[in-house]
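Colleague: I am new to this one and would like to know what stands behind the words people use for it. Could you take me through them?

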Amino acid sequence: MDILQYDAVEETLYREVLPNGLEVIVLPKPGFQKTYATFATKYGSIDNHFSVGDNPPIKVPDGIAHFLEHKMFEEPEGDIFATFAKQGAAANAFTSFDRTVYLFSATEQIDENLTTLINFVQNPYFTDQNVDKEKGIIEQEINMYSDNADWRVYYGLFEAMYQKHPISIDIAGTVESIYKIDKDTLYRCYNTFYHPSNMLLFIVGGVDAEQMMELVRSNQASKTFTPIEEINRFFEPEPGPIKERKKTIQLPVSLPKVMLGFKEPEVTLSGEELVKQEVVSKVMLDVLFGSSSAFYQRLYDQQLIYDSFGFEYNCSEQYAFSVIGGDTPQPDTLIEEISHYVKETLKTGINEQNFNRIKRKKIGSYLRMLNSPEAIASEFTKFRFRDCDMFNVLKYYEECTLADVNQRLVDHFNFDQLAISIVESPKA
Amino acid sequence: MDFQKGTVQSLNVHVLPTNRFKTFTITLFAGTPLQEETVTSTALIPYVLRRGTANKPETIALREQLDELYGAGFGFNITKRGNTQFVQFRMDVINDRFVKSEVSLLSEAIKYVGQMVTHPLVENGQFRPAYVDAEKQTLQKQLESVINDKIRYASERCMEEMCANEPYRLNAAGRLEDLPHVDARTLFERYQQWLSEAQLDIYVVGDTTLEEVIGYIEQYFSLPDRSPRPYERADVQYNVDEVKTIVEQLDVNQGKLNLGLRMNTGYASPNYAAALVYNGILGGYPHSKLFVNVREKESLAYYCASRLDGHKGILSIQSGIEFANYEKALKIIEQQIAEMKAGNITDVELSQTIAMLSNSLREMFDSANDMLGFDFNNRYANTNRTIEQLLTEVQTISISDVQTVAQQVELDTIYFLRDRQGV
């Protein structure tokens with residue numbers, strides 16, 4: 001068991017990779033009542049074309065990772081929620097682009113709940129009947145999202161930016177695609193991606209690290225798994241350019257919603273270097289568009305934006321893009337204002353005082369995040385699956401320089417790469 | 001968990017000294033009666049206050065200050081409990097020991113809230129008109145945006161119909177039709193009245209003491225002579241004459257079926273713990289009757305759950321279904337309510353629910369916001385039940401206790417949001 005000490009944030013991590021390949025991390029939080037554990041596989045909605053070892057590659061229906069997540073909760077003896085409930089644990093799961101996470105939080109019977117978490121995720125039980133039954137439920141989930149304007153404008157932007165990459169596919173799939181899912185394909189996906197060597201178990205809370213580790217060790221030692229084989233994920237090469245400049249969706253909304261996305265034509269970095277790029281990009285966006293910027297205040301005063309205005313930066317080895325936007329009465333004017341402002345800033349560069357202020361803000365916000373066991377587990381897993389350490393992020397914020405941000409500004413904002421998504425009410 | 005309590009200038013101070021968190025959490029509750037005449041102007045107050053103070057008249061300076069305080073989190077929300085409208089200011093700042101700060105971040109954070117609430121920007125005896133106009137627009141857009149979230153829309157509409165003759169029908173965020181009548185002068189008058197009559201409670205959780213916090217409040221808050229109006233709590237007893245059924249049509253892809261029920265039991269009732277267990281068995285969890293029967297057995301919905309509002313004694317049920325399944329889903333939901341009344345509850349349902357409730361009560365100790373929220377609920381309801389006591393009460397609830405509560409429950413309103421086709 002490795003012990004990793006992070007003095008700057010007063011945290012200690014315990015880490016071990018078991019013989020079957022499973023990585024286990026324990027973060028004791030003395031004084032906490034609660035224990036929160038996540039069991040994650042590096043498998044999400046984008047992993048729809050893959051092979052294992054020398055086997056031929058297969059393509060699977062859209063939404064299958066999310067479907068699988070739903071079905072994992074069913075065991076031969078019934079719904080696993082009932083078992084967690086008996087043991088006083090709140091359980092849940094979620095699927096994102098690149099991972100599926102199962103979790104519980106509990107204040108008692110930690111050993112039992114941790115065992116339940118590991119065992120149910122490592123025991124798939126799919127039948128023709130229970131797979132069919134789930135389709136109606138997921139159909140309602142998809143319908144629920146189709147009425148959600150924020151979700152629609154966000155996905156509209158991915159569709160406008162990406163030509164081939166599956167990031168533009170809705171995580172839940174479509175009503176049509178989920179009806180193509182069957183038991184055999186679910187098992188195929190399960191056997192590929194739920195091997196312990198593709199998974200990470202994270203435990204945080206008022207626990208003893210060695211005791212938790214021993215429980216996991218002996219649980220895993222009692223099970224047999226097929227030998228570790230390499231997973232190959234296939235992605236059609238994504239062309240650099242965006243797919244379409246502007247995508248408009250009609251849905252009844254109180255005000256139009258607009259999002260601008262700058263797609264980076266290629267991602268050349270990986271690992272820690274990519275994390276540094278993410279940190280610099282986030283500082284850059286906050287200086288430009290944060291609520292303490294002069295630009296934000298001016299547009300707010302002109303009633304072009306409201307409190308819903310926001311921005312984010314997302315990147316992985318396969319995609320990198322910024323998202324900027326919110327509700328506005330005048331989409332075209334807002335797009336024009338943002339474009340003009342970015343072009344002007346490209347000429348002048350970013351002001352040092354604003355840079356220092358935002359850097360300070362980001363450092364404080366990062367530290368505040370460490371109050372939340374849920375956020376730590378989620379962020380740690382996300383970074384670990386990219387072969388990075390979340391606790392390095394603080395250092396990267398501290399090391400970030402004005403020159404880095406100004407260089408990023410030039411590298412990131414390319415107006416040929418701008419895609420726009422709009423949701424507006426149908427014209428009467 | 002023990003909050004230390006004090007009073008400064010009729011402001012109630014509650015401090016929980018603890019070193020478990022990396023932050024200081026500050027919350028100020030300002031409560032006034034929920035009523036038609038003032039609901040909108042009261043809701044607008046925090047929007048305008050956040051724009052400028054006497055010391056920092058320009059909004060941008062206030063925003064920059066939050067960045068300087070290491071990205072302090074600041075926000076406000078407007079809520080209701082029973083017959084009271086609450087304006088709540090929140091601040092979350094890191095403990096100084098993690099950074100090399102020249103000033104006490106707790107002191108600066110309390111100063112920020114104190115100046116915003118008690119030293120606003122006043123020009124010519126009124127708020128700055130440009131700020132008031134802009135924030136009226138913001139609030140208007142906010143109120144109009146409820147339609148974008150159909151789950152929330154259906155839930156608010158159901159409450160509005162159900163409580164048509166009670167203050168609770170009012171949205172705490174205000175009414176669109178009142179906004180044109182508010183201006184910089186009338187809003188400033190309302191602010192002065194609000195500040196003198198509101199019940200004010202400030203909470204601080206973090207590595208500090210009551211004395212330190214009181215010192216900062218004396219320094220940074222300057223309140224007028226105040227006569228806070230006592231809370232008028234809602235009566236949770238209510239007889240339903242006739243069940244209301246409301247069908248509304250909009251351009252939606254999914255139907256929203258919501259039900260509103262009168263519990264006739266509330267936060268201050270002796271059987272409140274049994275009401276919590278009732279809600280848990282009926283619809284609070286994935287093992288609950290609603291989830292199991294509507295979703296798992298019939299695949300009618302992705303979500304179907306219930307929620308208890310203890311201060312008002314109302315239980316609401318929410319679900320998202322196909323339009324054509326209205327009758328079927330309604331029948332199954334009503335059947336679950338009937339099962340509860342008949343006491344058709346298994347030992348397993350009871351023990352699972354008690355275990356889940358106990359867990360969420362214990363988890364509160366790990367969250368500064370949960371702890372102060374729980375303490376404030378006691379303060380509002382004039383009860384003094386600790387988390388530990390409620391935990392003990394919940395664990396002794398029997399099926400017959402739940403049935404006793406169930407027999408007082410009355411269905412009041414059925415609300416269905418559907419598409420424009422069909423009837």
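Modeller: Gladly! Let us start with burial: a residue is buried if 20 or more other C-beta atoms, placed from the backbone, lie within 10 Å of its own, exposed if 12 or fewer, and partly exposed in between. This is a predicted model, in which local features need pLDDT of at least 70 and side-chain atom pairs count only at pLDDT 80 or more, while totals for chains, interfaces and linings use all residues. Residues are numbered from 1 along each chain as its sequence is written, and chains are lettered from A and ligands numbered from 1 in the order in which they are written.

Colleague: What makes B:Ser299 partly exposed?

Modeller: B:Ser299 has 18 other C-beta atoms within 10 Å, so it falls between the two cut-offs and is partly exposed. Its phi is positive, about 50°, although B:Ser299 is not a glycine. The residue sits in the loop between α9 (289-297) and β9 (304-309) of chain B; helices (H or I, at least four residues) and strands (E, at least two) are DSSP runs, numbered from the N terminus.

Colleague: And why is B:Gln9 called partly exposed?

Modeller: Because its count is 14 other C-beta atoms within 10 Å, again between the cut-offs. B:Gln9 lies in the loop between β1 and β2 of chain B, and its phi is near 45°, a positive value in a residue other than glycine.

Colleague: How do you know that the buried residues of α7(B) are on the same side?

Modeller: The buried residues of this helix (residues 210-220) are B:Val213, B:Tyr216 and B:Ile217. They cover an arc of only 100° around the axis (taken from the directions from the helix axis to the C-beta atoms), which puts them on the same side of α7(B). On the other side, B:Glu211 and B:Gln219 are exposed. The cover over the buried residues includes β1 (4-8), β2 (11-17), α3 (105-118) and β6 (199-206) of chain B.

Colleague: What makes β6 (58-59) and β12 (231-233) of chain A edge strands?

Modeller: The open sheet has 3 strands in the order β6-β5-β12 (chain A), with antiparallel pairing. Two strands pair if DSSP finds at least two bridges between them, and β6 and β12 of chain A each pair on one side only, so they are the edges. Strand β5 (residues 49-52) of chain A is joined to β12(A) by 3 bridges, which therefore meets the requirement of at least two. In β12(A), A:Asn232 is the bridge partner of A:Ser51.

How values were computed:
Two residues are in contact if their C-beta atoms, placed from the backbone, lie within 7 Å.
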